[in-house]
Amino acid sequence: ANKTKAIEATSSNKETDKKVESRGSVAAYIDIVEDLKEAKSSVEKLENENKQLRVNYGKSLVINIDNLISSPLQTRALDPVRVNNLAEHLANNELTTPIVVRPSSTRAEKFEIVAGHHRVEAFKQLGRKEIEAIIRPMDDEEAERRIFFDNLMAPDLPDFEKYKGFAALRKRTGQSYDALAKDAGISKALVVFYFSFEKLPNK
C-alpha cells in the first residue's frame, strides 16, 4: 500500500509538473508569436519607408525649413545683398530651382543644405515655413563637390577663387578639364581660362 501511495504521489507530481511545463511552453510560444508580429510590423514599416525613399529619390519634395541645417562643408559666408535680392524676387515669383539636401549623419530627421543656402535664408526672411528640395544621400566628397559647384554660380565669386576650387577638386579627383567642365555645367574653355592662373608667377 505504501509503495502504491508512493507511486501515485510520484505520478501525481509528474502530471502537475507536465501541466506547469505545458503552461510555460504555451506562454513562451505566445510571447514568441507576439514578438514575431511586432518584428513583422517593424519590417513592413521599414520596407514602406524605403519604398517611399526610392520613389522620391531625385524628385523634389516640400521640406519644413526648421528641419534644415547648414553643412559643415560650406566655407562661404552668406551674402546679405544676395539674400535680400533673392527675397525681393521670391516675394512675387515661385522658386524655379529646388535646393539640394542630404540626410544629416549626426542629427536625426535633419537635412544638411548642399545647394541653396541663400534661397533658404531668403525664404526665412519672407517668413515662409517650407521650401522645395531634392533629397540626395551622398558622402562628404560628393557633398563638397556640389557645394563648390553651387558657389561657382555666385556672381560675386572672384575668378581666382573659382580657380582655387577647381584646382583643389582636380588635385583630389584627377579629373581632366573636360570632366570638370561637364560636372560644373560650363564650357571647357572657361575651365581652361580659370587654370591660366597657374601660368602666373606666385607674386
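This briefing covers the sheet, the salt bridges and a charged surface patch of one protein model. The model is predicted. Its five strands form an open sheet with mixed pairing, and the structure holds eight salt bridges. A patch of negative charge lies on the surface, where D31, E34, D35 and E38 gather.

**Sheet layout**

- The strand order across the open sheet is β1-β5-β3-β4-β2.
- Strands β1 (60-64) and β2 (68-70) stand at the edges with a single partner strand each, so one side of each has no neighbour in the sheet.
- From one strand to the next, the twist averages 55°.
- In general, the strands of a sheet pair through backbone hydrogen bonds, in either a parallel or an antiparallel sense.

**Strand pairs**

- β1 and strand β5 (residues 130-135) run antiparallel and are joined by five bridges.
- Within β5, I134 is the residue that stands opposite S60.
- β3 and β5 pair in the parallel sense, over three bridges.
- Strand β3 (residues 99-103) and strand β4 (residues 111-115) run antiparallel, with four bridges between them.
- V100 has a bridge partner in β4, namely A115, and a bridge partner in β5, namely I134.
- I134 of β5 thus appears twice in this list, opposite S60 and as bridge partner of V100.

**Salt bridges**

- Side chains of opposite charge can pair when their charged atoms come close.
- One of the eight salt bridges in the structure is formed by the side chains of R102 and E112, at 3.0 Å from N to O.
- This pair links distant parts of the chain, with R102 in strand β3 and E112 in strand β4, 10 residues apart.
- The strands that carry R102 and E112 are also joined to each other by four bridges in the antiparallel sense.

**Negative surface patch**

- The residues that gather in the patch of negative charge are D31, E34, D35 and E38.
- Of these, D35 is found in helix α1, which spans residues 2-56.
- Membership of the patch requires over 30% relative accessible area and no salt bridge, so D31, E34, D35 and E38 are not partners in any of the salt bridges counted above.

Notes:
Residues numbered from 1 in each chain as written. Predicted model: local features only at pLDDT ≥ 70, side-chain atom pairs only at ≥ 80, totals over all residues. Heavy atoms only, no water. Patch = residues over 30% accessible without salt bridge, like charges linked within 9 Å, V, L, I, M, F, W, Y side chains within 5 Å. Areas by Shrake-Rupley, 256 points an atom, 1.4 Å probe, with all protein chains shown as cover. Salt bridge = Lys/Arg side-chain N within 4 Å of Asp/Glu carboxyl O. Lys, Arg positive; Asp, Glu negative; His and termini not counted. Charge placed at Lys NZ, Arg CZ, Asp CG, Glu CD. Helix = DSSP H or I, 4+ residues; strand = E, 2+ residues; numbered from the N terminus. Pairing = 2+ DSSP bridges. Axes fitted to C-alpha atoms, helices over the stretch in contact; angles between N-to-C directions.
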